[in-house]
Amino acid sequence: KKWNRLPEVLNDPQVRQLLAAPQPETDAYWLRDRAMLYVLYGCGLRASEAVGIRLPDVNAYLGVIRVLGKGNKERIVPAAEAVIYAVQQYIDHQRPALVRDVAEPRLLLSRNGRPLLREDAFRILRKYARRLGLKESVSPHTLRHCFATELLARGADLRSVQEMLGHADIATTQIYTHVDANRLRSIHKKFHPRG
């Protein structure tokens, strides 16, 4: 399924502000929220994929997270040091206080100790987006778009991005090649004879 319009993306300073928005002075669950935001952006996950992560899915040593995507397709997504650090901080310092059932495998928990739902991910993200004065339409999918756009803008190949996003069809991933206008301008200027 292709989009009728280009996906919205945030610029780099906006993404940095959003990732830094959860603060211990103002947010009771700031470590959880920060871990969630880092996973959404740093791994390009859908909201349902992020809230579905289980503790054994995070491999800090290898720097990867196992994700269960659409159609129950499993994929391994690389996670940057910052993502692993944010997740580990949450696991070490906040998750133990949220756990009600020690057998609960899910990574991201609510204040009641239940696994976060997809809707919770939207609500939490929008809380921080509103605080920063970002567009009301900012969603977990916006961070996914930012992830893909950044990778392609920095030279990642389309097939690798397709794998990381868990797209079955490369045509779905190709939408991101149209998003980065600055990159297209620089390529045009560099290679066009009248550029």
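How are α2 and α7 oriented relative to each other? In this predicted model, the axes of helix α2, which spans residues 30-43, and of α7 come within 7 Å and cross at roughly 40°, and the two helices are therefore oblique to each other. On the side of α2, the residues that take part in this contact are L37, L40, Y41, G42 and C43, and they meet P140, L143, R144, C146, F147 and E150 in α7. Sorted by class, the contact of α2 with α7 comprises eight nonpolar residues, one polar residue and two charged residues.

Helix α2 also packs against helix α6, which is formed by residues 118-131, and here the angle is about 100°, with the axes 11 Å apart. Because angles of 65 to 115 degrees count as roughly perpendicular, α2 and α6 are described as roughly perpendicular to each other. In this contact, R32, D33, M36 and L37 of α2 meet A121, I124, L125, K127 and Y128 of α6. The residues involved divide into six nonpolar and three charged, with no polar residue among them. L37 of α2 is thus listed in the contact with α6 and is also listed in the contact with α7.

A further packing arrangement joins α7, which covers residues 140-153, to helix α8, which covers residues 158-165; the angle between them is about 155°, and their axes lie 10 Å apart. Since angles over 145 degrees count as roughly antiparallel, α7 and α8 are assigned to that class, being roughly antiparallel to each other. The crossing in which α7 passes α8 is right-handed. Contributing from α7 are R144, F147, A148, L151 and L152, which meet L158, V161, M164 and L165 in α8. Eight of the residues of this contact are nonpolar and one is charged, whereas none is polar. Within α7, R144 and F147 appear in the contact with α8, and both are also found in the contact with α2.

Empty space within the model was examined as well. A search of the whole structure finds one cavity of 30 Å³ or more, and the space that lies in this largest cavity amounts to about 30 Å³. Its lining is made up of E8, V9, L10, K135, S137, V138 and T142, which by class are three nonpolar, two polar and two charged residues. Of these lining residues, T142 falls within the range of α7, residues 140-153.

Notes. Residues numbered from 1 in each chain as written. Predicted model: local features only at pLDDT ≥ 70, side-chain atom pairs only at ≥ 80, totals over all residues. Heavy atoms only, no water. Axes fitted to C-alpha atoms, helices over the stretch in contact; angles between N-to-C directions. Helix = DSSP H or I, 4+ residues; strand = E, 2+ residues; numbered from the N terminus. Parallel < 35°, antiparallel > 145°, perpendicular 65-115°, else oblique. Left-handed = near helix turned anticlockwise from the far one by under 90°. Contact = heavy atoms within 4.5 Å. Nonpolar A, V, L, I, M, F, W, Y, C, P; charged D, E, K, R; others polar. 1 Å grid on protein atoms, 1.4 Å probe; cavity = no way out; pocket = protein on both sides within 12 Å on 5 of 7 lines; lining within 4 Å. Points joined across faces, edges and corners; volume = space filled by probe spheres on them.
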